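Open the model in your viewer and colour it by secondary structure. The walk below goes from single residues to packed elements and on to the whole chain.

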Amino acid sequence: TLNGADISYETICEDLPVTDENGEVLGTAFAYEYIREDVTDKQTRPVLFAWNGGPGSSAVWLHAGFLAPLRFQIEDMKHPEFIGNVPLEENPACLLEDWDIVILDPPGTGYGTVTSGADTRKLFGYEADAKCMAQVVESWLLREERLHCPVYLLGESYGTIRNCLVADILAGGPLIPGMKSKALKVAGVIMMGSAVNADPFLWEVFGEKNV
């Protein structure tokens, strides 16, 4: 129930394959999807893709603490307790009224998997990670026939760096060498606990002279 109205939605949990340039499966991203059912025109309904930080972190805190229709019931936000079974409550801040939500665990985090023997250099590292997640977003939009929907990216901590790189790859920008233009425009990004101004980290990733 959001803003006094009952909203029907479908929940989907699934593995989304990630492949290399030769079509070999490197692993899977795991998706938690919340799709509103009483929508007549899905071509204009926004889709939000969300991921946590790390790198190496699942999206559990964004999922159960903020984005899902149900969230953890926490009495003391400054001193939360997660011992035993944590009760759930309806989430009045859920965005499902206006956006469909796809929450993603990248390969190697949460329920995301890495194929045995896969070249992990194609999965891990800022360029490889961004390529994988851009592939997941693009393939989901293609499969669901929603390429013309407004697309939003939400990231937390390192996920804010991933936001920038994935948005660039989807649009076909020059930041990642050798990437072909996908011409998928991102309508907006949401940055939570931004890490893009973490200078020492960026020096290591991009090189000091490029920061």
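**From one strand outwards**

Val189 lies in strand 9. Its relative accessible area is 42%, so Val189 is partly exposed. Follow the chain back 36 residues and you reach Leu153. The C-alpha atoms of Val189 and Leu153 are separated by 4.7 Å. Leaving out residues up to four places away in sequence, Val189 touches Leu153 and Asn163. Keep in mind throughout that this is a predicted model.

Now move to strand 6, where Val102 sits. Is Val102 buried or exposed? Its relative accessibility is 0%, under the 20% cut-off, so Val102 counts as buried. Its neighbours come from several parts of the sequence. Beyond residues up to four places away, Val102 touches Ala31, Tyr32, Glu33, Val47, Leu48, Phe49, Ala50 and Trp140. Take Glu33 from that list. Glu33 and Val102 are 69 residues apart in sequence, yet their C-alpha atoms are 4.5 Å apart in space.

Tyr32, a contact of Val102, leads to the aromatic rings. Together with Phe30 and Tyr111, Tyr32 forms one aromatic cluster. In total, the count comes to six aromatic pairs. One of them joins Phe30 and Tyr32: the ring centres are 5.0 Å apart and the planes stand at 75°, so this pair is edge-to-face. The cut-off for that label is over 60 degrees. Both residues are covered. Phe30 has 12% relative accessibility and counts as buried. Tyr32, at 13%, counts as buried too.

Next comes helix 1, residues 60–67. Which of its residues are buried? They are Leu62, His63, Ala64 and Leu67. Look at what these buried residues pack against. The list holds strand 2 (25–36), strand 3 (47–51) and strand 4 (70–72), along with strand 6 (100–105), strand 8 (151–156) and strand 9 (188–192). Two of these strands are already familiar: strand 6 carries Val102, and strand 9 carries Val189.

**A pair of helices**

Two packed helices are described by the angle between their axes and the distance between the axes. Apply that to helix 2 (residues 126–143) and helix 3 (residues 158–171). The angle is about 65°, and the axes are 9 Å apart. The crossing of helix 2 and helix 3 is right-handed.

Which residues meet in this contact? Helix 2 brings Tyr126, Asp129, Ala130, Lys131, Met133, Ala134, Val137 and Glu138. Helix 3 brings Tyr158, Arg162, Leu165, Val166, Ile169 and Leu170. By class, the residues of the contact divide into 10 nonpolar, no polar and four charged.

Zoom in on Asp129, which has its place in helix 2. Asp129 has a relative accessible area of 9% and is buried. Setting aside residues up to four places away in sequence, Asp129 touches Pro106, Leu123, Tyr158 and Arg162. Tyr158 and Arg162 are the helix 3 residues in that set, and both belong to the contact of the two helices.

**Two backbone angles**

Check phi at Ser157, in the loop between strand 8 and helix 3. The value is positive, about 55°, although Ser157 is not a glycine. With a relative accessible area of 25%, Ser157 is partly exposed. Asn3 also has a positive phi in a residue other than glycine, near 50°. Asn3 lies in the segment before strand 1 (9–19). At 70% relative accessibility, Asn3 counts as exposed.

**The whole chain**

Step back to the full fold. How many helices and strands does the protein have? The secondary structure comes to four helices and nine strands. From the N terminus on, their order is β-β-β-α-β-β-β-β-α-β-α-β-α.

The totals complete the picture. The protein has 211 residues, and 42% of them count as buried. Take the contacts with a separation of 6 or more: residues 24 or more positions apart account for 67% of them. The pairs Val189–Leu153 and Val102–Glu33 are examples of partners that far apart in sequence. Last, the accessible surface comes to about 11,300 Å². Carbon and sulfur atoms hold 52% of that surface.

How values were computed. Residues are numbered from 1 along each chain as its sequence is written. This is a predicted model: local features need pLDDT of at least 70, side-chain atom pairs count only at pLDDT 80 or more; totals for chains, interfaces and linings use all residues. Side-chain values use heavy atoms; hydrogens and water are left out. Axes are lines fitted to C-alpha atoms, for helices over the stretch in contact, and angles run from 0 to 180 degrees between N-to-C directions. A crossing is left-handed if the near helix is turned anticlockwise from the far one by less than a right angle, and right-handed if clockwise. Contact means heavy atoms within 4.5 Å. Ala, Val, Leu, Ile, Met, Phe, Trp, Tyr, Cys and Pro count as nonpolar, Asp, Glu, Lys and Arg as charged, and the others, Gly among them, as polar. Rings of Phe, Tyr and Trp (its six-membered ring) pair if their centres lie within 6.5 Å; planes under 30 degrees apart count as stacked, over 60 as edge-to-face and the rest as tilted. Buried means under 20% relative accessible area, exposed over 50%, partly exposed in between (1.4 Å probe, protein chains only). Accessible areas come from the Shrake-Rupley method with a 1.4 Å probe; for residues, only the protein chains shown count as cover.
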